[in-house]
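Let's take a tour of a protein, stopping at a few residues and then stepping back for the whole picture. Keep the viewer open and follow along.

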Amino acid sequence: MNLLLSIAFVLCWSSGFIGAKLGAGSASAVTILMWRFLPLAVVLMGVALASGTSWRGLTARDVTRQAVVGVLSQSGYLLTVYYAIQLGVSSGTTALIDGVQPLVAGALAGPLLHQCVSRKQWLGLFLGVSGVAIVTAADAAAGTGAAWWAYLIPFLGMLALVAATFVESRSRARVAPTVSLTVHCATSAVVFTALAVGTGAAMPPGELSFWTAITWLVALSTFGGYGLYWLILRRSGVTKVNTLMFLMAPVTAVWGALMFGEPFGPNTALGLAVGLAAVVIVHRGDASVRPSPAN
């Protein structure tokens, strides 16, 4: 079951980069994000009101923490990803830059969460970074025409997602995935609607490609990728779930090559193989990643 969840997570999370590329040609980043989350938030809030079982026992502090996580992991992360793609950074390259997230999360897991990361897991983490570097170098050599500073934007999103992971992991309250998804999507709907209205970009285009991208993003990225991220995080720990992020870059590169004709050569294939090896090593690590009791 864990293997199937991991495969589904990698495919669904990678689909977000592809969906952003699909919508980039018809609307701005904030327009896409507003219409991705506004209808979804309305539906989820309606479901929450109809069945409030999962919300019982939650305090205002618990909901506020989830709102903070939503701002970091959805609003901050997605805005940087979409903006970078809008500026001309390829979907594969954006995923590649985000691929350094596991090293950052793995390095901080010990001091911040008091978690034990084994030597095999560290080996897997550094091997994964090597795979990301191989694919990044190949993609950068192909050139996309984007300004050099555009490649720095996804780094901000990566840091926001890492921060969200640790904010969630330090919480002692057990929040149901349906509750966290509802709060995160509602928070993102407020943030992106305010940005879209404030910049005069709230009106959606009538093009079919725009609504195809919205449907793609809601079904695969939000319910699939985002929901599975937090589910696997709770089942397997920070290090393992973030090691799966190493696969996003090569998978997105393959997907982008098939759908958009983005460059894919031998070095990209090599990076994919190295990333797969990294995941195997970490998931077979001899020390599971679990919080130690507080002193």
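## A stop on helix 9

Leucine 231 sits in helix 9. Keep in mind that you're looking at a predicted model. Is leucine 231 buried, partly exposed or exposed? Its relative accessibility comes to 30%, so leucine 231 counts as partly exposed, because that label covers the range between the buried cut-off of 20% and the exposed cut-off of 50%.

Now look across to alanine 176. Along the chain, leucine 231 and alanine 176 are 55 residues apart, yet 9.5 Å separates their C-alpha atoms.

## The overall layout

What is the protein built from? There are twelve helices and zero strands, so if you read the elements from the N terminus on, you get α-α-α-α-α-α-α-α-α-α-α-α.

Of the 295 residues in the protein, 49% are buried. On the outside, the protein exposes about 13000 Å², and carbon and sulfur atoms supply 69% of that area. The contacts reach a long way along the chain, too: taking those between residues at least 6 apart in sequence, 92% join residues at least 24 apart.

## Two residues inside helix 3

Helix 3 covers residues 60-86, and glutamine 66 is one of its members. Glutamine 66 counts as buried because its relative accessibility is 2%, which is under the 20% cut-off. What does glutamine 66 touch, leaving out residues up to four places away in sequence? The list is Glu168, Val175, Ser180, Val183 and His184.

Tyrosine 82 belongs to helix 3 as well. With a relative accessible area of 4%, tyrosine 82 is buried too. Setting aside residues up to four places away in sequence, tyrosine 82 touches Gly16, Ala20, Ala29, Ile32, Leu33, Arg36 and Leu217. Check alanine 20 in particular: it is 62 residues from tyrosine 82 in sequence, but the two are 5.9 Å apart in space, C-alpha to C-alpha.

## Empty space within

How many cavities of 30 Å³ or more does the protein have? The count comes to three. The largest cavity holds about 150 Å³ of space.

Thirteen is the number to remember for the walls: 13 residues line the largest cavity, and Trp13, Gly16, Arg36, Tyr77 and Leu78 lie nearest its centre. Two of these names, Gly16 and Arg36, also turn up among the residues that tyrosine 82 touches. Which helices build the lining? Helix 1 (2-24), helix 3 and helix 9 (208-236) each supply at least two residues. Helix 3 gives the largest share, with six residues.

## Out on the surface

Phenylalanine 155 is in helix 7, which spans residues 153-169. Its relative accessible area is 33%, so phenylalanine 155 is partly exposed. Phe155 is also part of a nonpolar surface patch of about 560 Å², together with Tyr83, Trp148, Trp149 and Leu152.

The last stop is lysine 120, in helix 6 (residues 119-142). Lysine 120 is partly exposed as well, with a relative accessible area of 44%. Find isoleucine 281 in the viewer next: lysine 120 and isoleucine 281 are 161 residues apart along the chain, but their C-alpha atoms are separated by 6.3 Å.

Methods: Residues numbered from 1 in each chain as written. Predicted model: local features only at pLDDT ≥ 70, side-chain atom pairs only at ≥ 80, totals over all residues. Heavy atoms only, no water. Patch = residues over 30% accessible without salt bridge, like charges linked within 9 Å, V, L, I, M, F, W, Y side chains within 5 Å. Areas by Shrake-Rupley, 256 points an atom, 1.4 Å probe, with all protein chains shown as cover. Salt bridge = Lys/Arg side-chain N within 4 Å of Asp/Glu carboxyl O. Helix = DSSP H or I, 4+ residues; strand = E, 2+ residues; numbered from the N terminus. Buried < 20%, exposed > 50% of the residue type's maximum accessible area, 1.4 Å probe, protein only. Contact = heavy atoms within 4.5 Å. 1 Å grid on protein atoms, 1.4 Å probe; cavity = no way out; pocket = protein on both sides within 12 Å on 5 of 7 lines; lining within 4 Å. Points joined across faces, edges and corners; volume = space filled by probe spheres on them.
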